[in-house]
Amino acid sequence: MDNLVDLPMGFCMSLAQNEQSLNKFSEMTDTEKAAVIEKARHAASKAEMNAIVASITDSF
């Protein structure tokens, strides 16, 4: 994933606060990353964004 400019700000902030998810996200393929980012774009709240980020370690 070369273009980090398109990442949702809340996703970046939540990911930065969850080291395990950050490490797992960095190991994902571009396709897997795109799927998570698409979910993050539709997050309606901070709690939902945090849940999406936390699910990275469980789902992938």
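**Exercise 1.** Are H3 and H4 roughly parallel or roughly antiparallel to each other?

Before you start: this is a predicted model, where local features need pLDDT of at least 70, side-chain atom pairs count only at pLDDT 80 or more, and totals for chains, interfaces and linings use all residues. Residues are numbered from 1 along each chain as its sequence is written, and side-chain values use heavy atoms, leaving out hydrogens and water.

*Solution.*
- Find helix H3 at residues 30-41 and helix H4 at residues 46-59 (helices are DSSP runs of H or I, at least four residues, numbered from the N terminus).
- Their axes come within 9 Å and cross at roughly 165° (axes are lines fitted to C-alpha atoms over the stretch in contact, with angles from 0 to 180 degrees between N-to-C directions).
- Angles over 145 degrees count as roughly antiparallel, so H3 and H4 are roughly antiparallel.

**Exercise 2.** Work out which residues of H3 meet H4.

*Solution.*
- Look for contacts (heavy atoms within 4.5 Å): Val36, Lys39 and Ala40 in H3 meet Met49, Ile52 and Ile56 in H4.
- Sorted by class, that's five nonpolar, no polar and one charged residues (Ala, Val, Leu, Ile, Met, Phe, Trp, Tyr, Cys and Pro are nonpolar; Asp, Glu, Lys and Arg charged; the others polar).

**Exercise 3.** Track down the side-chain partner of Asn50 and say whether that partner is buried or exposed.

*Solution.*
- Start in helix H4, where Asn50 sits.
- A polar contact of 2.7 Å links its side chain to that of Ser14 (an N or O pair within 3.5 Å, one able to donate a hydrogen and the other to accept it; residues adjacent in sequence count only if both atoms are side-chain atoms).
- Ser14 belongs to helix H1, residues 9-16.
- At 7% relative accessibility, Ser14 is buried, while Asn50, at 32%, is partly exposed (buried is under 20% relative accessible area, exposed over 50%, partly exposed in between; 1.4 Å probe, protein chains only).

Terms used:
Helices (H or I, at least four residues) and strands (E, at least two) are DSSP runs, numbered from the N terminus. Angles under 35 degrees count as roughly parallel, over 145 as roughly antiparallel, 65 to 115 as roughly perpendicular and the rest as oblique.
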